[in-house]
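Thanks for coming. I have one structure to go through this morning, and I will keep to what can be read from it. Please have a look at it first.

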Amino acid sequence: MDPINVLNSTILSLQPDQESKNAVVRGKIISDSVREQFELIVGYWIVFFLSALGVITNSLTMIVFIRQGFRDSVNVSLFSIAVWDQIKCLSGVVYRLHGPVGLIDPVSGIILKWASWPVLIYLPIFAGYVSYGLATYVSIERCLSVSMPLKVKSLMKPRLTTWLMVGLSIIIFGSFSSVIFVYKVEYTFNSYYNTSLPRVTTGSLYFALNGVILKMYKYLGIFYPAIFCTIMTVSSAIIVIQLRRSAANFRPDRGKHGGRNTFGTTSVNLTPRDVKVTRMLLVVILVYIMDFFPRLCKYLASLIEPEFFAYNRLHNLMQIASNTIWILDFLNASVNFFIFMSMSTNFKTTFYETFRRS
């Protein structure tokens, strides 16, 4: 038998909470075979290559920012986002290594997948939320910068930005961390392979306080995207308005101050560099907004329709939606490098100085 088919069939037989899966109500909208093929193509291969791309691009991004230094608060915040995007992509790659490993040794592939499942299936999600939160901070900071540039520059020093990045990371990641311990890995004997294989089951925290941990996870899954998306949208609108005002009031003949042009009105005083940086960050923010909306819709659907959850009647539909969102998530975590290369002259210059072309 083909090793990959053996691996896939065995994995399906070892899926977590098998008893709950067998109890699923009949009348599925999407068949199991369609869902399995979709998971294999989209949830595994496409996401695997996107997360691998993200590991490369985020590594390059962090190297460039380290070379540039952290004398600017923008570098601090963007470096912090790159760190969490790297965690997200790296965990996505490691989790999906069970496929290549399973081609060589099916047993090792199964063990790698399910032994790491409780941590590596959730870590990219939680790292993504932290990345979203930090991007929301960037949208607020940039909104204030274009509205009150002098005041913000005097207040938002790199050290303060560092502490804010660390604080937000701890708060957001900490609010989800207990979910990792909801499931546990048990080993049961498998007669086909004549060895013990891991199986994910519910742990004691799954039922703790009448399942409050999973309920909290559901509500936070809606609360964070809703708050982040709202703040980003409002901030982006204000940024666009201020940039248009700056462009409309740009007067090269009157805007010379100390040998540089300024974009100014009585309320806005932006240098050309400020405008370029703001436009670049605005693109980054808009990418996050486009990634937010589908995830928000998925969590709203899970609240409105209880069957739209794992191993309930709409399990297959939920899995297809989740895998589609994975594509957007890992694509979002991989593209910032290309945005910086396209829109930041300093970033591009530092990159080519660091990695000289032969």
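I'll start with a pair of charged side chains: Glu39 and Arg35 meet in a salt bridge, with 3.4 Å from N to O. Please keep in mind throughout that this is a predicted model. Where do Glu39 and Arg35 sit? Both are in helix 3, and they are 4 residues apart, which is about one turn of the helix. Glu39 is buried, and Arg35 is buried as well.

How many salt bridges does a search of the whole structure find? The count is 3, so let me go through the others, taking a salt bridge to be a side-chain nitrogen of Lys or Arg within 4 Å of a carboxyl oxygen of Asp or Glu. Arg142 pairs with Glu141, and the N to O distance there is 3.5 Å. Both Arg142 and Glu141 are buried. Then there is Lys184 with Glu186, where the closest N and O atoms are 3.4 Å apart. Are those two residues buried or exposed? Neither word fits, because Lys184 has 40% relative accessibility and counts as partly exposed. Glu186 is partly exposed too, because its relative accessible area is 34%.

Next, the helix packing. Helix 3, which covers residues 32–68, packs with helix 12, residues 315–332. The angle is about 15° and the axes are 9 Å apart. Angles under 35 degrees count as roughly parallel, and helix 3 and helix 12 are therefore roughly parallel to each other. Their crossing is left-handed.

A second packed pair is helix 4 with helix 6, the latter being residues 106–120. Here the angle is about 155°, and the axes are 10 Å apart. That makes helix 4 roughly antiparallel to helix 6, because the cut-off for this term is over 145 degrees. The crossing of helix 4 and helix 6 is left-handed.

Staying with helix 4, I want to point at Val94, which is found in this helix, residues 73–95. Val94 belongs to a nonpolar patch on the surface, together with Leu90, Leu97 and Val101. How much accessible area do these residues have together? The figure is about 260 Å². Taken by itself, Val94 has 34% relative accessibility, so it counts as partly exposed.

Now to a backbone detail. Asn194 is in the loop between strand 1, residues 183–190, and strand 2, residues 195–202. Its phi is near 55°, a positive value in a residue other than glycine. Why mention that? Because most residues other than glycine have a negative phi. The side of the story on accessibility is simple: Asn194 has a relative accessible area of 60%, so it is exposed.

Last, Phe293, which has its place in helix 11, residues 272–304. Is Phe293 buried or exposed? With 53% relative accessibility, Phe293 counts as exposed, because the line for that word is drawn at over 50%. I would also note Phe293 and Ala226, which are 67 residues apart in sequence. In space, their C-alpha atoms are 8.6 Å apart.

To recap the charged pairs, the search finds 3 salt bridges. The partners in one of them, Glu39 and Arg35, are buried, and so are Arg142 and Glu141, whereas Lys184 is partly exposed, as is Glu186. That is the end of my part.

Terms used
Residues are numbered from 1 along each chain as its sequence is written. This is a predicted model: local features need pLDDT of at least 70, side-chain atom pairs count only at pLDDT 80 or more; totals for chains, interfaces and linings use all residues. Side-chain values use heavy atoms; hydrogens and water are left out. Patches are made of residues with over 30% relative accessible area and no salt bridge: like charges are joined within 9 Å, nonpolar side chains (Val, Leu, Ile, Met, Phe, Trp, Tyr) within 5 Å. Accessible areas come from the Shrake-Rupley method with a 1.4 Å probe; for residues, only the protein chains shown count as cover. Helices (H or I, at least four residues) and strands (E, at least two) are DSSP runs, numbered from the N terminus. Buried means under 20% relative accessible area, exposed over 50%, partly exposed in between (1.4 Å probe, protein chains only). Axes are lines fitted to C-alpha atoms, for helices over the stretch in contact, and angles run from 0 to 180 degrees between N-to-C directions. Angles under 35 degrees count as roughly parallel, over 145 as roughly antiparallel, 65 to 115 as roughly perpendicular and the rest as oblique. A crossing is left-handed if the near helix is turned anticlockwise from the far one by less than a right angle, and right-handed if clockwise.
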